[in-house]
Amino acid sequence: MGINYIVPEYRVVRDPDRCIGCRVCERQCANEVHSFVPQTGKMAADDAKCVNCHRCVSLCPTGALRIVKNEDTFKINANWSNKLMQEIYRQADSGGVLLSSMGNPEPYPIYFDKILLNASQVTNPSIDPLREPMETRTFLGAKTKKIQRDKDGKIIPNASPYLELKTPIMFSAMSYGSISYNAHESLARAATELGIYYNTGEGGLHDDFYQYGANTIVQVASGRFGVHADYLDTAAAIEIKMGQGAKPGIGGHLPGTKIVGDISRTRMIPEGSDAISPAPHHDIYSIEDLRQLVFSLKEATNYQKPVIVKIAAVHNVAAIASGIARSGADIIAIDGYRGGTGAAPTRIRDNVGIPIELALAAVDQRLRDEGIRDNVSIVVGGSCRCSTDVFKAIALGADACYIGTAALLALGCHLCRSCHAGKCNWGIATQRPDLVKRLNPDIGYKRLVNLVEAWTHEIKEMMGGMGINSIESLRGNRLMLRGVGLNEKELEILGIKHAGE
Amino acid sequence: MKRVYVNEKWCLGCHLCEYNCAFAQTGEPDMARALKDKTIHPNIRVEDGDDVHFAVNCRHCDEALCVKSCITGALSKTADGVVTIDQDKCVHCFTCVLTCPYGCILPTEDGAVTKCELCLKTTKGKPACVAGCPNNAIVFEER
């Protein structure tokens, strides 16, 4: 191709008065944006290579760098945006499917931002969480239906297997392969210290991380990578992945070039072979089939571990969840359309699925209506961005939330959405050893612990404000929520009143 | 005693420590003003291989060859074990430069040698290389 149709999205701006030519930016950029020009003794930048990950900005010791939106533009057109035009040029160049990473960035409504919380005034006292105990402990699994006693009147312990969380937040599934060894170690150590769980994703469990098994959820997905007896036995729970919010209906593909060394061994596939996760599980075409896999896994682990079924939030999610709640699964995980990914076709990511807030409200209501809500716990993910998102999700009926993107942000991710390029400058979504070492798990795990502890403080603060001292009293408590700027239908689905009502 | 150590597993070879060291020596409040268009003389230097990087600075040896070799007593050991330099006493004979097995003493432009004194004389309070390391590769600890 002789003509370059693509205009750089961002520009690197360097303050010549502040740049001391230390070349840290040059050494830290895996995209080779920065270079030193010996003739002038100055630094130069190639804007076209910049993905705006901010690694150079963060490490520049004199604050000499800024990345700005490139003001260069095609003729403004409300119908044909610059972005669409560039995508056409790109596809005309390559003939390929557009790829993207991380969650849907398009301006769809964010229902969490249109829901407000209640607080106590005058007639019901609020509680100060710094002075009085606040319970955020959460149990996930089927609820005991009936208390049974033996002939001496002692309670027979017949509880289903469950997960106990100190706070209703878990790290969502991210495979070893899609993220680095050091990112996995950070998640595993943080989950252990926090008394919560992290999730292996479909990449198997590295030998070094079996020690964190008590805080590990292992995933069984359509490719069955890395699944074997020890893998199941080590875990606290097993998750069957049916779908992912970022790409419902689509499988996964980790290119053979990334299947090297430990990743090949952990996934149990030969080096250099593509790791293809089929779109469906080839043995699951019905709820009855799903039930067979649920019970196969339970049988394999002696009915000691809860089984999670993870689905993407799609149009008829409530009916699907109803089926899952009858399949023997202990926990349903629902992933909204804003959920992240290491790579997905752009068109799928940006257009398939539904918002998690609506999916959650619909599923919770459906299971209540059918009297099977206690069969399962509900975990939601797909852009829980802050403690209030978690709080609102719990009030809408969730038992706990999965955080993925927020956790990666804590590790340094700047949402440049270039994971699929494999050159993550922050050492997260890469397998290049020189980049992986940039994420020191000693720092990373502490930042994750800080994040979740901070959110937990905020959750307690909001609970206290409402006069609630246990997360159990918030769960499904939609009276604590009011909508703003929502229409009748949206309020009906969310099951909340409008502000002022 | 507490010394500056480098965990080469985490050293990225970004060379920020060299600039933080040079900046700490100037006592200036702003790095851009302090180091703009200057050649730096850091007391910590990053050795770069293809896949391995590590920063090297004074080991503050128990049996310090540089102190033994110093002909004017410019180099001495404090009660805490830190090897310090009195640049006014240095006569630029560079015997210490030759004897240091780690290459951690270097001449400056005005002749006197310079070496890491664990930021005892800078305004930073604790070693600037440690404080500024983005990956905890450089640590200041007892071993």
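The exercises below work through helices, single residues, ring contacts and domains in a predicted model.

**Exercise 1. Compare the span of helix α10 of chain A with the span expected at 1.5 Å a residue, and state which parts of the chain its buried residues pack against.**

Solution. Begin with the length: helix α10 of chain A covers residues 356-369, which is 14 residues. The expected span is 1.5 Å times one less than the number of residues, and for this helix it comes to 20 Å. The end C-alpha atoms of the helix are 20 Å apart, so the two values agree.

Next, consider burial, for which the cut-off is a relative accessible area under 20%. In α10(A) the buried residues are A:Ile356, A:Glu357, A:Leu358, A:Ala359, A:Leu360, A:Ala361, A:Val363, A:Asp364 and A:Leu367. These buried residues pack against α8 (317-325), β16 (331-335), β18 (377-381), α11 (387-396) and α16 (488-494) of chain A. Finally, just after the helix, A:Gly371 adopts a positive phi of about 70 degrees.

**Exercise 2. Determine how many residues of helix α4 of chain A are buried, and identify elements that cover them.**

Solution. The helix runs over residues 181-194, and from its first C-alpha to its last it reaches 20 Å, close to the 20 Å expected at 1.5 Å a residue. Of its 14 residues, 11 are buried, and α4(A) is therefore described as mostly covered, given that buried means under 20% relative accessible area. Among the buried residues are A:His184, A:Glu185 and A:Arg189, together with A:Leu187 and A:Leu194. The cover over the buried residues includes β9 (169-171), β10 (198-199), α12 (405-410), α13 (433-436) and α14 (441-466) of chain A. Just after α4(A), A:Gly195 has a positive phi of about 70 degrees.

**Exercise 3. Decide whether A:Leu65 is buried or exposed, and list the residues that it touches.**

Solution. First place the residue: A:Leu65 belongs to strand β4 of chain A, residues 65-69. Its relative accessibility is 6%, and because buried means under 20%, A:Leu65 counts as buried. When residues up to four places away in sequence are left out, A:Leu65 touches A:Val12, A:Val13, A:Arg14, A:Cys25, A:His34, A:Cys56, A:Val57 and A:Cys60. For one of these, A:Val12, the separation from A:Leu65 is 53 residues in sequence and 7.1 Å in space, C-alpha to C-alpha.

**Exercise 4. Carry out the same analysis for A:Ser387, asking whether it is buried or exposed and what it touches.**

Solution. A:Ser387 lies in helix α11 of chain A. With a relative accessibility of 5%, this residue counts as buried. Leaving out residues up to four places away in sequence, A:Ser387 touches A:Trp455, A:Glu458, A:Ile459 and A:Met462. A:Phe295, by contrast, is 92 residues from A:Ser387 in sequence and 35 Å from it in space, C-alpha to C-alpha.

**Exercise 5. Classify the aromatic pair of A:Phe209 and A:Tyr212, and find charged groups that lie over rings.**

Solution. A search of the whole structure gives eight aromatic pairs over all chains. One of them joins A:Phe209 and A:Tyr212, with 6.3 Å from centre to centre and 40 degrees between the planes. Planes under 30 degrees apart would count as stacked and those over 60 as edge-to-face, so this pair is tilted. A:Phe209 is buried at 1% relative accessible area, and A:Tyr212 is buried at 12%. Ring pairs also link these two residues with A:Tyr176 and A:Tyr181 into a cluster.

Turning to charges, the charged end of A:Lys298 sits over the ring of A:Phe295 at 6.0 Å from its centre, while B:Arg143 lies over the face of B:Tyr5 at 4.2 Å from the ring centre.

**Exercise 6. Describe the contact between the two domains in chain A and in chain B.**

Solution. Chain A is divided into domain 1 (10-96) and domain 2 (165-468), whose centres, taken over C-alpha atoms, are 33 Å apart. In this chain 14 residues of domain 1 are in contact with 12 residues of domain 2. The two domains of chain A bury about 1,100 Å² between them, with 46% of it on carbon and sulfur atoms. Of the area that domain 1 of chain A buries against domain 2, A:Ala30, A:Cys53 and A:Arg55 supply 48%, more than any other three residues.

Chain B is divided into domain 1 (1-56 + 123-137) and domain 2 (59-115), and 20 Å separate their centres over C-alpha atoms. Here 10 residues of domain 1 of chain B are in contact with 14 residues of domain 2. The area buried between these domains of chain B is about 910 Å², of which carbon and sulfur atoms give 48%.

Methods
Residues are numbered from 1 along each chain as its sequence is written. Chains are lettered from A and ligands numbered from 1 in the order in which they are written. This is a predicted model: local features need pLDDT of at least 70, side-chain atom pairs count only at pLDDT 80 or more; totals for chains, interfaces and linings use all residues. Side-chain values use heavy atoms; hydrogens and water are left out. Helices (H or I, at least four residues) and strands (E, at least two) are DSSP runs, numbered from the N terminus. Buried means under 20% relative accessible area, exposed over 50%, partly exposed in between (1.4 Å probe, protein chains only). Contact means heavy atoms within 4.5 Å. Rings of Phe, Tyr and Trp (its six-membered ring) pair if their centres lie within 6.5 Å; planes under 30 degrees apart count as stacked, over 60 as edge-to-face and the rest as tilted. A charge sits over a ring if NZ of Lys or CZ of Arg is within 6 Å of the ring centre and within 35 degrees of the ring normal. Domain bounds come from an automatic or database domain assignment. Buried area is the accessible area (1.4 Å probe) that two parts lose on being put together, summed over both.
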